[in-house]
Amino acid sequence: MKVFVTGGAGYIGSVCVEHLLDNGYAVVVFDNLSEGHRAAVDPRAEFIEGDLRDADSIETALGDTHPDAVMHFAASALVGESMKNPSKYFRNNVVSAVNLLEAMIHKQIGCLVFSSTCATFGIPDRMPLDETQPQRPINPYGESKLMVEKMLRWYSQLHEMKCVVLRYFNASGASHRYGEDHRIETHLIPNVLKVALGQKDHVEIFGTDYETPDGTCVRDYIHIADLAQAHRLALSIRESDFFNLGTGGGNSVREVIGCCERVSGKTIKVLESPRRPGDPARLVADSRKAREILGWKPAFQDIEKIVQSAWEWHCTHPNGYGD
Ligand code: UFG
């Protein structure tokens with residue numbers, strides 16, 4: 001089976017590509033390298049440099065490679081940036097998805113696995129978050145992903161396309177070869193590890209007055225290898241469906257920093273700062289549906305092991321992919 005992976009040079013995409021190849025799939029990576037890195041593309045995959053905003057480019061790539069399924073990772077994914085530049089999010093995430101879906105219809109490719117996010121839920125009514133809760137995004141990033149989710153419901157009904165939506169909580173960790181190297185790094189774990197590596201003086205804690213046990217935000221950190229496993233399993237279910245993907249456990253910002261200190265053996269200097277706009281206090285997944293229907297069994301349940309894998313990658317790649 002051949003899988004066409006958009007955004008396969010990015011953080012989560014690259015590890016998913018590696019996982020598919022390790023499991024015997026043929027893989028084509030399609031990426032414009034705006035966020036991704038050429039060196040993050042597994043050499044066993046075919047690589048096409050192309051841009052989803054260009055409808056001809058994606059249609060030609062699908063026509064040339066004849067995949068059986070598409071995994072769509074390519075997207076802009078910074079909540080803060082989306083509040084300043086919403087057009088970028090609607091163009092890169094929604095318009096590009098329309099181009100991809102049209103090309104899939106023209107080339108008769110009937111299976112899509114889509115990277116969505118818990119940011120489609122906004123401020124949840126209750127925790128943990130299962131798939132029955134209302135989706136009310138509070139930023140253009142979450143809105144753009146929800147718009148695509150809604151489009152997929154129509155495409156699966158009207159074009160008999162199987163569309164599986166996977167909503168990630170906080171993707172983290174690394175494989176031996178591929179890890180997190182964003183050109184603009186806003187995520188907690190890599191920023192803390194940069195302090196441990198001596199590349200940054202301190203890390204800010206955004207908000208210490210939340211209604212959580214230690215006053216800092218709680219998130220559900222899920223290892224990207226476990227996300228990759230869910231993508232592979234999504235290929236084999238028969239019907240369109242949607243799943244929340246997290247461990248079901250939560251860790252506060254202070255707990256994550258403490259964990260990074262233990263794993264790296266370094267003291268992390270912190271600066272307590274005001275809340276970051278748009279951050280819900282607590283986001284934890286209820287992933288029972290994924291376990292039951294996909295047969296998903298996340299291997300990393302423990303923040304210590306997740307941080308350990310990230311630390312090993314940052315130590316062996318102190319300058320990321322170096323581009
Ligand atoms: N944080 C800090 N200091 C930092 C970076 C982050 O205190 O330097 C805090 C944030 O305020 C938040 C937590 O650490 O409370 C986690 O922040 P991240 O930026 O690592 O992750 P987010 O929870 O903001 O974002 C993730 C995904 C998004 C997704 C979002 C849904 O990266 O793609 O969850 O809320 F949209």
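Which residue in β6 does Phe-114 stand opposite? In this predicted model, Phe-114 stands opposite Val-165 in β6. The pair belongs to a parallel arrangement in which 7 bridges join β5 to strand β6, residues 162-168. The connection between these two strands passes through helix α5 (residues 140-158), and the resulting β-α-β crossover is right-handed.

Confidence was considered before the details of the fold. The protein chain has a mean pLDDT of 97, and 100% of its residues reach 70 or more. Among the elements of the chain, helix α3 (residues 79-84) has the lowest confidence, with a mean of 90. The highest confidence, 99, is found in strand β1, residues 2-6.

Strand β5 spans residues 111-117 and is mostly covered, with 7 of its 7 residues buried. Its side chains are divided between two directions: Cys-111, Val-113, Ser-115 and Thr-117 point one way, whereas Leu-112, Phe-114 and Ser-116 point the other way. Both sets are buried. Besides its pairing with β6, β5 pairs with strand β4 (residues 69-72) in the parallel sense, over 3 bridges. Within that pairing, Phe-114 of β5 is the bridge partner of His-72. Phe-114 is thus named in both pairings, with His-72 in one and with Val-165 in the other.

Ser-115 was examined individually. This residue lies in strand β5 and has a relative accessible area of 5%. Because buried means under 20% relative accessible area, Ser-115 is classed as buried. The side chain of Ser-115 also makes a polar contact, at 2.7 Å, with the side chain of Tyr-168.

Strand β4 also pairs with β1, again in the parallel sense, over 4 bridges. In this pairing Val-3 stands opposite Ala-69 in β4. Strand β1 has a second parallel partner in strand β2 (residues 26-31), to which it is joined by 5 bridges. Here Phe-4 stands opposite Val-28 in β2. The chain passes from β1 to β2 by way of helix α1 (residues 11-22), in a right-handed β-α-β crossover. Of the 5 residues of β1, 4 are buried, so this strand is largely enclosed by the rest of the structure.

A separate set of 3 strands forms an open sheet with mixed pairing, in the order β12-β9-β14. The edges of this sheet are β12 (251-252) and β14 (282-283), each with a single partner strand, so one side of each is left without a neighbour in the sheet. Strand β9 (residues 218-219) runs parallel to β14, and 2 bridges join them. Across this pairing Arg-219 stands opposite Leu-283 in β14.

The ligand is surrounded by 22 residues, of which the closest are His-187, Glu-204, Arg-219, Arg-276 and Asp-279. Arg-219 therefore has two roles in this description, because it is a residue of the ligand surroundings and also stands opposite Leu-283 in β14. Three further residues approach oxygen atoms of the ligand. A polar side-chain atom of Asn-170 lies 2.9 Å from one oxygen atom of the ligand. For Phe-206, a polar backbone atom is 2.9 Å from an oxygen atom of the ligand. For Thr-186, a backbone N or O atom lies 3.5 Å from an oxygen atom of the ligand. On its own the ligand has 680 Å² of accessible area, and the protein covers 91% of that area.

The elements that give two or more residues to the shell around the ligand are α6 (188-196) and β8 (203-206). Of the elements, β8 gives the most, with 4 residues. His-202 is found in the loop between α6 and β8. At a relative accessibility of 26%, His-202 counts as partly exposed. Its C-alpha atom is separated by 8.7 Å from that of Asn-191, a residue 11 positions away along the chain.

Methods. Residues are numbered from 1 along each chain as its sequence is written. This is a predicted model: local features need pLDDT of at least 70, side-chain atom pairs count only at pLDDT 80 or more; totals for chains, interfaces and linings use all residues. Side-chain values use heavy atoms; hydrogens and water are left out. Buried means under 20% relative accessible area, exposed over 50%, partly exposed in between (1.4 Å probe, protein chains only). Two strands pair if DSSP finds at least two bridges between them. A crossover is right-handed if, with the strands pointing away from the viewer, the path from the first strand over the helix to the second runs clockwise. pLDDT is the predictor's confidence in each residue, from 0 to 100. A residue is near a molecule or strand if one of its heavy atoms lies within 4 Å of it. A polar contact is a pair of N or O atoms within 3.5 Å; within protein, one must be able to donate a hydrogen and the other to accept it, and residues adjacent in sequence count only if both atoms are side-chain atoms. Accessible areas come from the Shrake-Rupley method with a 1.4 Å probe; for residues, only the protein chains shown count as cover.
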